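Please open the model in your viewer and keep the sequence panel beside it, since each stop below begins with a selection to make.

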Amino acid sequence: MRKIMRSVAVAAAVTLVAAGCADSGGGSGSGSGPIVVGSVNALSGAATFPEASAAAKAVFDAANASGGVNGRQIQYKALDDKGDPAAAATAAREVVGADNAVALVGSSSLIECEINNKYYEQQKILSISGIGVDPACFNSPNISPANVGPYHDMTLTLLYGSEVLKLDNICALLEIAGNTLPSYQAAIDEWTKITGKKLTYLDATVPYGGSDYTSYIVKARSAGCKAITVNPVEPDSIGQLKAAAAQGWNDVTWLLLTSVYSENYAKAVSNAGAGVYVPAEFYPFTDAASSQNKEWRELMTKNNIPLTSFSQGGYLAAKYFLQVIKGIQGDINRESVTKALQEMQPITDPMVGTPYVFGKGKTHHDNTAGWPIKLTTGSNKWELAADDWLRIPKN
C-alpha cells in the first residue's frame, strides 16, 4: 500500500498540472431527458470499495421505479478509477465533461478527491461522496462526504478511550499514506485541545501491509502504553493484534477506526487484548434488529449488496441528494442542483449522529459523531458499547 501511495503522489502531480488545462464548461441536464449523476470509485486495483456506488445505484433505481424525480429518470454512471491517478482524472472528465452530470454522488476512492477537487471547482459541480478518505475530501468547497472520515474518527476513538474508558498512557501507531500525516496530527491535537491530555508515545512509521509488526509492538509496550490508537486496514490490524498476543501483551486496549469494522474482521480476531473499540461512522450495521438501519438493510438485501459501512455511506449520499433535488422548482441541471445543495437545510437521519448539510463552506468536515462498538476476546462479534452517539464537542 505504501508503494502504491508513493506512485499516486508522483502521478498526481502530473495529473493536477494537466487539470489546469481542462475546459471549464458547465454542463447541465436536459429539461426532459434523464438526470445524469456520476461517481468516481475504486472498483478495481489494490484496494476496492464497490459497495458505496452500488448502494447509491440501488437508491436511484428505487426512485426511478417510483416515477423518478419530477417525471425524469436518474441515469447513474459509476466509473472506475482503478486506484490510478490518471484513470481517476479521466473518469471525472468523462462523467462531468462528456456526460454533463449534474452532480457526483456516492463516490468512494483512496485518491479521487485529491486528483479531481480542483477540476470540480473549475466545472462548478458538487460531489456528495459516499465515503471520503483522503484529506482533500474534507478540505474542498465542492466535496462534502456523507461519512465522518478517518480524522474525526481518530479524535472520537481517543475521546472514548480517555473520557469514557478512563484510560491513561494512550499511544498512537500511525500508518501514513500520501499527505495524511498532518490531518491525523490535527485529529490528535483536537483531542488534546478538548481533554488537555497528550499521547504517551507516537510512531508514525508503521507500514501498510507489513509482514511483521513485532518491533512496533515491542517499542509501544516498552514506552508504557496501556492503550493504542491505530488507523489500520483490516489485515494490518489483525497482524498487530497477533503480534501483541505473541508478546503476551493481553491487557492492552485497542482504540481503532471504522476501517476495521466488518464481520470478517471480528471472525478473524481471537485475542483482542483488553478489547477493540471503534466509533462507527454510521449506526452499527451489526445491530441486526435496529430500526435505524431498517430501510437501508432491506434495500441492500434486496439488491445483494454487502452490509458494510461503505454501503451505508453510498446509500445516505443518494438519499440526501434525492431529498434536495426533489425540492427544486424548474429545470434540474448542474446550476440548479449546485444552488440547491448550497442552500439546503440540514437533513437528519437515524443512521447518523450529525445532520447533513452541504452548504457554501470552503471545507466540509461537519459529521462529528460516532457510535461506539466493541470486540472482546473470544466473542468474534461486534457489540454496542454505548446507548447513544459519541460527539466531538463544538468549540
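Helices and strands are here DSSP runs, numbered from the N terminus, with at least four residues for a helix and at least two for a strand. With that in hand, select Asn100, which sits in the loop between α3 and β3, and keep in mind throughout that the model is a predicted one.

**Stop one: the loop between α3 and β3**

Asn100 has a phi near 55 degrees, a positive value in a residue that is not glycine. Most residues other than glycine have a negative phi. At 30% relative accessibility, Asn100 counts as partly exposed.

Now add Asp99 and Lys77 to the selection and display their side chains: the two form a salt bridge in which the closest N and O atoms are 3.1 Å apart. This pair links distant parts of the chain, with Asp99 in the loop between α3 (85-98) and β3 (103-105) and Lys77 in strand β2 (residues 74-80), 22 residues apart. Lys77 has a relative accessibility of 25%, and is therefore partly exposed.

**Stop two: two salt bridges within helices**

Select Lys57 and Asp61, which form a salt bridge whose closest N and O atoms are 2.7 Å apart. How many residues separate Asp61 and Lys57 in helix α2? They are four residues apart in this helix, which spans residues 51-65, so that about one helical turn separates them. Asp61 is partly exposed, with a relative accessible area of 33%, and Lys57 is also partly exposed, with a value of 41%.

Move next to Lys339 and Glu343, another pair in a salt bridge, with the closest N and O atoms 3.0 Å apart. Both residues belong to helix α12 (residues 334-343), where they are four residues apart, about one turn of the helix. Glu343 is partly exposed, its relative accessible area being 44%. By the rule applied here, the count of salt bridges comes to nine.

**Stop three: the surroundings of helix α12**

Stay with α12 and colour its buried residues, which are Arg334, Ser336, Val337, Thr338, Ala340 and Leu341. What covers these buried residues? The elements that do so include α3, β3, α4 (112-123), β4 (127-128) and α11 (309-325). At the start of the helix, select Asn333 together with Glu335: a side-chain oxygen of Asn333 reaches to within 3.1 Å of the backbone nitrogen of Glu335.

**Stop four: the two domains**

Zoom out and colour the chain by its domain assignment, which gives domain 1 as 31-149 + 292-364 and domain 2 as 150-280 + 370-391. The C-alpha centres of domain 1 and domain 2 lie 30 Å apart. At the interface, 13 residues of domain 1 are in contact with 12 residues of domain 2, and the two domains bury about 900 Å² between them, 56% of it on carbon and sulfur atoms. On the side of domain 1 that touches domain 2, the residues divide into seven nonpolar, four polar and two charged. The rule finds zero salt bridges across this interface, while four residue pairs are in polar contact between domain 1 and domain 2, both residues of each pair being at pLDDT 80 or more.

**Stop five: helix α6 and the loop that follows**

Select Ser183, which lies in helix α6 (residues 181-195). Is Ser183 buried or exposed? Ser183 is buried, with a relative accessible area of 16%. Leaving out residues up to four places away in sequence, Ser183 touches Pro135 and Tyr151.

Continue to Thr200, placed in the loop between α6 and β6 (201-206) and partly exposed, with a relative accessible area of 37%. When neighbours within four places in sequence are set aside, Thr200 is in contact with Asn169, Ile170, Cys171 and Ala223. Adding Ala227 gives a distance to display: the C-alpha atoms of Thr200 and Ala227 are separated by 9.7 Å, although the two residues are 27 residues apart along the chain.

**Last stop: the loop between α5 and β5**

Finally, select Lys166, found in the loop between α5 (150-164) and β5 (170-175). Its phi is near 60 degrees, a positive value in a residue other than glycine. Lys166 is exposed, with a relative accessible area of 61%.

Methods: Residues numbered from 1 in each chain as written. Predicted model: local features only at pLDDT ≥ 70, side-chain atom pairs only at ≥ 80, totals over all residues. Heavy atoms only, no water. Domains from an automatic or database assignment. Contact = heavy atoms within 4.5 Å. Buried area = accessible area lost by both parts, 1.4 Å probe. Salt bridge = Lys/Arg side-chain N within 4 Å of Asp/Glu carboxyl O. Polar contact = N/O pair within 3.5 Å; in protein donor to acceptor, adjacent residues only side chain to side chain. Nonpolar A, V, L, I, M, F, W, Y, C, P; charged D, E, K, R; others polar. Buried < 20%, exposed > 50% of the residue type's maximum accessible area, 1.4 Å probe, protein only.
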